[in-house]
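The following exercises concern a single protein chain. Each task is followed by a solution worked in steps.

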Amino acid sequence: MAEAVFRHQVQAAGLSDRIAVESAGTGGWHAGESAHSGTLRVLAAHDIPHDGRARQITWDDFSRFDYLLVMDRENLSAVNRVAKGLADHKVKTRIGLFLSYAKEAGLVKTDEVSDPYIHGRYDDTYALITTGVDAFLMYLRKAHHL
């Protein structure tokens, strides 16, 4: 969901040529699958296209992307473990919680996005993600003069 919302906002801002957006999980159990039907329903209700497939994070992601943002602390720990194993490669990717930018801006009280697959509240997750995307995009514009 976050990938689709962020890509949609990046396109709307005219920044597709400057910002690449991809999503990956720390585990590979859903690799190759499309998004959950609850996610697809919420995205369709907001006219946000999504045709991506799940994939697992790879070592290359740490050199391809400037930012790796995760939804919760469990995934943050997993990604940091991988990054620690790549210490010899001088990883420059910034790793953090997706909602940290929104929390720092005072837009949300939490810095974690719970998995709607578990709790079923896809609309609530969409609202959090939209706030997170807006805050992160605002940060990128300021930090990188976009």
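**Exercise 1. Backbone outliers**

D47 is exposed, with a relative accessible area of 64%; exposed means over 50% relative accessible area, buried under 20%, and partly exposed in between, with a 1.4 Å probe and protein chains only. The model is predicted: local features need pLDDT of at least 70, side-chain atom pairs count only at pLDDT 80 or more, and totals for chains, interfaces and linings use all residues. Residues are numbered from 1 along each chain as its sequence is written, and side-chain values use heavy atoms, with hydrogens and water left out.

Task: Locate D47 and H145, and describe the phi angle of D47 and of H145.

Solution.
1. D47 lies in the loop between α2 and α3 (61-64). Helices (H or I, at least four residues) and strands (E, at least two) are DSSP runs, numbered from the N terminus.
2. The phi of D47 is near 55°, a positive value in a residue other than glycine.
3. H145 belongs to the segment after α7 and is exposed, at 70% relative accessible area.
4. H145 is not a glycine either, yet its phi is positive, at about 50°.
5. As background, most residues other than glycine have a negative phi.

**Exercise 2. Overall fold**

Task: State what pattern the protein follows along the sequence, and compare its radius of gyration with the globule rule.

Solution.
1. The protein contains seven helices and two strands, in the sequence pattern α-α-α-β-α-β-α-α-α.
2. Its radius of gyration is 15 Å, close to the 15 Å that the globule rule gives for 146 residues, so the protein is as compact as a globular protein of that length. The radius is taken over C-alpha atoms, and the rule is 2.2 Å times the number of residues to the power 0.38.
3. Along the principal axes, the C-alpha atoms fill a box of roughly 45 × 40 × 30 Å.
4. Of the 146 residues, 36% are buried.
5. Among contacts (heavy atoms within 4.5 Å) between residues at least 6 apart in sequence, 66% join residues at least 24 apart.

**Exercise 3. Nonpolar cores**

Task: Identify which elements give two or more residues to the largest nonpolar core, and which residues V5 touches.

Solution.
1. A nonpolar core is a set of buried Ala, Val, Leu, Ile, Met, Phe, Trp, Tyr and Cys residues joined through side-chain atoms within 4.5 Å.
2. The largest such core has 27 residues, and M1, V5, F6, V10, I19 and I129 have the most contacts inside it.
3. Two or more residues come from each of α1 (2-12), α2 (37-45), α5 (100-104) and α7; the largest share, eight residues, is that of α7.
4. Apart from residues up to four places away in sequence, V5 touches L43, I48, Y126, I129, T130 and V133.
5. A second, separate core of nine residues includes F62, L68, A83 and L97.

**Exercise 4. Two buried residues**

Task: Describe the surroundings of T125 and E3.

Solution.
1. T125 sits in helix α7 (residues 122-144) and is buried, with a relative accessible area of 4%.
2. Beyond its neighbours within four places in sequence, T125 contacts M1, V113, S114, P116 and H119.
3. T125 and T39 are 86 residues apart in sequence and 9.2 Å apart in space, C-alpha to C-alpha.
4. E3, in helix α1, counts as buried at 16% relative accessibility.
5. With neighbours within four places in sequence left aside, E3 is in contact with V21, E22, S23 and H50.
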